[in-house]
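Subject: Handing over the structure

Dear colleague,

I am passing on a protein structure for you to look through at your own pace. Please open the sequence and the coordinates side by side before you read my notes.

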Amino acid sequence: MGPFIGVNLGTDLSDMPSPTQVVALLKAQNIRHVRLYDTDQAMLLALANSGIRVTVAVPNDQLLGIGQSNATAANWVARNIIAHVPATNITAIAVGSEVLTTLQNAAPVLVSAMNFIHSALVASNLDGRIKVSTPHSSSIIIDSFPPSQAFFNRTWDPVMVPLLKFLQSTGSYIMLNVYPYYDYMQSNGVIPLDYALFRPLPPNKEAVDSNTLLHYTNVFDAVVDAAYFSMSYLNFTNVPIVVTESGWPSKGDSSEPDATLENANTYNSNLIKHVLNNTGTPKHPGIAVSTYIYELYNEDLRPGSVSEKNWGLFDANGAPIYILHLTGAGMVLANDTTNQTFCVAKDGSDKKMLQAALDWACGPGKVDCSLLLQGQACYEPDNVVAHATYAFNAYYQKMVKAPGTCDFKGVATVTTTDPSHGSCIFPGSIGRNGTSVNGTILAPSSNSTSSGCPPKYFADVGSITSSVIVAFLLLMSVLL
């Protein structure tokens, strides 16, 4: 099986749509791997016969009981695993979550709980198809940079050594939660934002491990390699890593200025690309690290800071929080289940650049801007932002939303929010009569000599759309 991108369903299923709606969304997005934080029976039943690979979990509050009793573990497996396979494609069991850092009193029984669960799988002849592991916070790694000098907190050697032996002997993998967002936030400016978001860095800005001379272009790779080096420090060199949680919040309070839609979109888009193009890490190039994005839905009822509620790709109604465009044989995690996307002027854009782009769209771009004339439906509000938004969107719809057609030298962005207002119905909108307004109807033919625009809109500013947005990869070819 090749590398994969999966999603976490979140910790509170009551804050989400019904299980059947969740599965319908997973199918619509071609998501083939999902991780649950428990063994919710309704969700497992809804996932039956979907083919979706499911990781389930022993919740932390059941860990002590299972870790102290083989019979309790066997009963858990019978009730939550055997009752559902093979109809529900359960492929892994996460025993607890971040036990060493959040539930230290259970740490002494963690490995025995994993052994008991595995023994019950062996007895049912399921050990070949279902792996057993436990997710760790990356904070168990001490001095994660440079990665070659990293090691696990020595306090946990009595747990980590037998745990890694178990993973090695059962052909399983270590589960690691990697959050560059928190590494960035806690670095007090030492970690550049671009380094956390997988944005390209000039060579002189890359972080170099002075011991190995390996170059690191992002936080994610550095943390994963720190885990590899930490395992090798304990003489384990053949246990693979699966990242069970990673993501970026799309909203935060005043103390979290970098929890934004744009940054969340950038991080998750680049993460998907990084995993699925088999880049690997500097220590293990070409060995991709399969990753579960945290998380599928925002959790509005979750306590804590604003960002804690806003890690999702979708809201509780199944509407996308932002758009991830993926090109190729299919669209996975594209979020656009209705194909209702629009192109609008980006907040804070330079007014002169907006005007130049507006002039181009209504001139060489051959957009029909007649509705922007005084007295027409889209004249008000009479400002460059509103008029540019209309023209940008008309061009975007006319070009069938092709990659690069909502850029305009960086002053435009894609949104799922319909910018129509009053009697001004934008191309691509589902109008009040329930019919789609086709952008091509509002665009003149290629041999038209009149755009219907005011004279000021005719300035030719060259090929605005020559800058192409990041192209994401084919997911369907690698998601098995």
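Below are my notes on the whole chain, on two helix pairs and on two single residues.

Please keep in mind from the start that this is a predicted model, and that its confidence score, the pLDDT, averages 83 over the protein chain, with 85% of the residues scoring at least 70. Among the helices and strands, the mean is lowest in strand β15, which covers residues 412–415 and comes to 84, and highest in strand β5, residues 131–133, where it reaches 98. Two stretches call for caution: over residues 325–332 the pLDDT stays under 50, although the model has 28 contacts there beyond four places in sequence, and over residues 431–480 it is again below 50, with 125 contacts beyond near neighbours in sequence. Where pLDDT is low, the predicted coordinates should not be read in detail.

As for the chain as a whole, its secondary structure comes to 13 helices and 15 strands, and 52% of its 480 residues count as buried. If you take the contacts between residues at least 6 apart in sequence, 71% of them join residues that are at least 24 apart.

Now to the helix pairs. Helix α6 (residues 107–123) and helix α7 (residues 157–170) have axes that come within 9 Å of each other and cross at roughly 15°; an angle under 35 degrees counts as roughly parallel, and therefore α6 is described as roughly parallel to α7. Their crossing is left-handed. On the α6 side the contact is made by Ala107, Leu110, Val111, Met114, Asn115 and His118, and on the α7 side by Val159, Pro162, Leu163, Phe166, Leu167 and Thr170.

The other pair is helix α12 (residues 351–362) with helix α13 (residues 384–398), which pack at an angle of about 40° with their axes 9 Å apart, so that α12 is oblique to α13. The crossing of α12 and α13 is left-handed. Residues of α12 that take part include Leu354, Leu358 and Trp360, and those of α13 that they help to meet include Val385, Phe392 and Tyr395.

Which residues does Ser349 contact, once its neighbours within four places in sequence are left aside? Ser349 is found in the loop between β14 (342–345) and α12, and the residues in question are Leu354 and Val411. The side chain of Ser349 has a polar atom 2.7 Å from the backbone oxygen of Lys346. Ser349 and Gly410 are 61 residues apart in sequence, yet 8.3 Å apart in space, C-alpha to C-alpha. Ser349 counts as buried because its relative accessibility is 13%, with under 20% being the cut-off for that word.

Is Thr266 buried or exposed? Thr266 has a relative accessible area of 17%, and so it is buried. This residue lies in helix α11, which spans residues 261–276, and a polar atom of the Thr266 side chain lies 2.8 Å from the backbone oxygen of Glu262. Leaving aside its neighbours within four places in sequence, Thr266 is in contact with Leu197 and Arg199.

With best wishes

Terms used: Residues numbered from 1 in each chain as written. Predicted model: local features only at pLDDT ≥ 70, side-chain atom pairs only at ≥ 80, totals over all residues. Heavy atoms only, no water. Helix = DSSP H or I, 4+ residues; strand = E, 2+ residues; numbered from the N terminus. Buried < 20%, exposed > 50% of the residue type's maximum accessible area, 1.4 Å probe, protein only. Polar contact = N/O pair within 3.5 Å; in protein donor to acceptor, adjacent residues only side chain to side chain. Contact = heavy atoms within 4.5 Å. pLDDT = per-residue confidence, 0-100. Axes fitted to C-alpha atoms, helices over the stretch in contact; angles between N-to-C directions. Parallel < 35°, antiparallel > 145°, perpendicular 65-115°, else oblique. Left-handed = near helix turned anticlockwise from the far one by under 90°.
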